[in-house]
Amino acid sequence: MKPETELKRSAEPIWWALFSAGGVCFAVFIPAAIVFLAMLLPLGVVELTYTQAQSWYFSIWGLMFTGAVVVLPLFHAGHRFRHGLHDLKVQQHTLVKVLCYGFASALSLLCLGLWCIGYFN
Amino acid sequence: MSYKPVLTRTWWLKHRAFKAYMLREATVLPLLFFLLTLCCGIYALWQGPSQWQAWQITMKHPAVLAINSLALVASLYHAWTFFQLFPRVMPIRLGSKTLPAQVLIAGQWAGLVAVFVLFTWLFRGSL
Amino acid sequence: MINVKVARYLPEQSAAPFVQEFKVPYDASTSVLDALNYIKEELDPSLSFRWSCRMAICGSCGVMANGIPKLGCKVFLRDYEQGLLLEPLAHLPVERDLIVDMDAFLKHLEAVKPYLINNETTAVKSATTHQQTPAQLGKYKQFANCINCGLCYSACPQFGLNPEFLGPAAITLAHRYNLDSRDQGKAARMPLLNTAEGPWACTFVGFCSDVCPQQVDPAAAVNQSKVESAKDMLIQLFKGKL
């Protein structure tokens with residue numbers, strides 16, 4: 001055990017908060033999103049024209065969709081992946097952390113960036 | 001002299017509870033695939049109508065459909081585990097009583113169903 | 001008769017642990033601890049194991065029964081008719097046969113200051129009794145039932161992967177005192193709970209709660225501690241102390 005003066009606060013609350021919020025989204029929003037966007041839509045059961053999709057997505061609702069269905073689940077996945085690698089005894093903790101959260105951040109920024117361009121045009 | 005067995009990389013194969021745990025953690029793998037296809041869709045939407053059409057055709061590919069179906073199963077398994085954990089991590093106390101876990105679990109499933117209703121309503125025109 | 005295999009370790013005889021098999025008679029009331037005592041008294045007096053109360057309250061007789069941490073006095077041979085392998089508690093150094101070195105576990109318990117801390121002077125203390133309402137008691141009561149048997153540490157793969165992890169029982173005890181209305185020691189406990197070796201090493205495997213002989217639900221306490229640590233971070237952030 002380290003002496004009390006050397007105790008260092010972990011940054012984990014930040015990642016855990018994103019993970020938890022993402023976990024709620026993964027459980028509550030993702031099932032319906034998969035059924036409608038990745039199953040019924042490609043199977044032709046429902047339709048979503050380009051104009052309709054555009055007007056839906058590049059609105060303020062699209063931003064909320066991106067947050068709940070893309071960004072937070074990405075951080076959820078990154079966090080679990082990171083801890084999963086630790087469980088499998090992958091010892092490069094810093095590298096894994098940078099890669100997992102870096103990937104989640106990059107993809108999130110891409111989607112948020114695309115939304116901004118579409119929304120403000 | 002004491003000895004201490006070292007945990008092997010395959011420790012989680014030794015017990016049912018650990019396998020269920022690893023399965024829960026692995027639900028993010030098909031989730032990640034779905035998120036990637038969704039990001040491609042957003043990118044296609046930004047590019048234009050022909051790319052949007054192309055994305056919809058890609059989504060029809062049997063392999064893509066299969067993995068996304070797996071992601072659906074994974075999301076439901078995750079939901080089942082996550083909803084049970086929530087009342088233990090954040091118990092809600094009303095006065096001297098704790099709100100029964102079953103109430104919180106049922107509330108969360110209701111939330112999941114509500115999102116399905118919302119999506120159905122959004123797509124009501126083409127159903 | 002049941003075949004009971006016991007993991008033996010006799011460092012003065014052999015550097016390697018080995019498994020010895022015994023045939024033990026049993027009836028419906030023969031506990032695993034009874035079986036160990038039978039082996040020691042009738043078959044092999046060199047067998048070493050810890051025990052005391054025989055009634056699941058002292059927490060001494062923890063062993064791995066077919067790979068799952070159990071109190072020897074609380075499980076019965078009748079449930080192991082297919083055969084039973086007894087091993088020392090996992091994730092702790094083995095001193096001899098079924099006896100583990102609990103030092104790491106005890107050090108972690110001690111580190112979280114598991115006792116009431118308050119700043120009242122002795123005069124005030126003797127003048128007042130610390131009354132608690134049922135609601136105040138209810139907040140921590142479940143977490144106060146820990147008997148320090150260490151089964152949760154043997155059930156925890158995160159402790160197995162990282163022995164620095166404070167672990168289920170210690171964090172549960174810290175949380176138990178943090179929730180106690182008579183206690184003012186939370187500020188003194190949080191620095192340790194805010195470290196990476198505190199609740200943050202936990203991934204809610206939940207097996208610690210499955211094996212707990214007192215239904216303490218350490219996994220819940222550990223994850224509630226995460227919420228507390230996150231709150232603590234926010235508060236310090238708003239105070240500008242971060």
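A crossing of two helices is called left-handed if the near helix is turned anticlockwise from the far one by less than a right angle. In this predicted model, that description applies to a contact between two chains: α1(A) passes α10(C) in a left-handed crossing.

Two packed helices are described by the angle between their axes and the distance between the axes. Here the partners are helix α1 of chain A, residues 12-28, and helix α10 of chain C, residues 218-238. Their axes lie 9 Å apart and make an angle of about 120°. On the side of α1(A), the residues that meet the partner helix are P13(A), W16(A) and A17(A). They face K226(C), S229(C), A230(C) and M233(C) in α10(C). Sorted by class, the residues in this contact comprise five nonpolar, one polar and one charged.

Attention now turns to chain B. Five helices and two strands make up its secondary structure elements. Read from the N terminus, their order is α-α-α-α-β-β-α, so that the two strands follow the fourth helix and precede the last one.

The overall dimensions of chain B can be considered next. Its radius of gyration is 21 Å, whereas a compact globule of 127 residues would have a value near 14 Å. Along the principal axes, the C-alpha atoms of chain B fill a box of roughly 70 × 50 × 20 Å. Of the 127 residues in chain B, 24% are buried, a residue being counted as buried if 20 or more other C-beta atoms lie within 10 Å of its own. Among contacts in chain B with a separation of 6 or more, 46% join residues 24 or more positions apart.

How values were computed. Residues numbered from 1 in each chain as written. Chains lettered and ligands numbered in written order. Predicted model: local features only at pLDDT ≥ 70, side-chain atom pairs only at ≥ 80, totals over all residues. Helix = DSSP H or I, 4+ residues; strand = E, 2+ residues; numbered from the N terminus. Rg over C-alpha atoms; globule rule 2.2 N^0.38 Å. Buried ≥ 20, exposed ≤ 12 C-beta atoms within 10 Å, placed from the backbone. Contact = placed C-beta atoms within 7 Å. Axes fitted to C-alpha atoms, helices over the stretch in contact; angles between N-to-C directions. Nonpolar A, V, L, I, M, F, W, Y, C, P; charged D, E, K, R; others polar.
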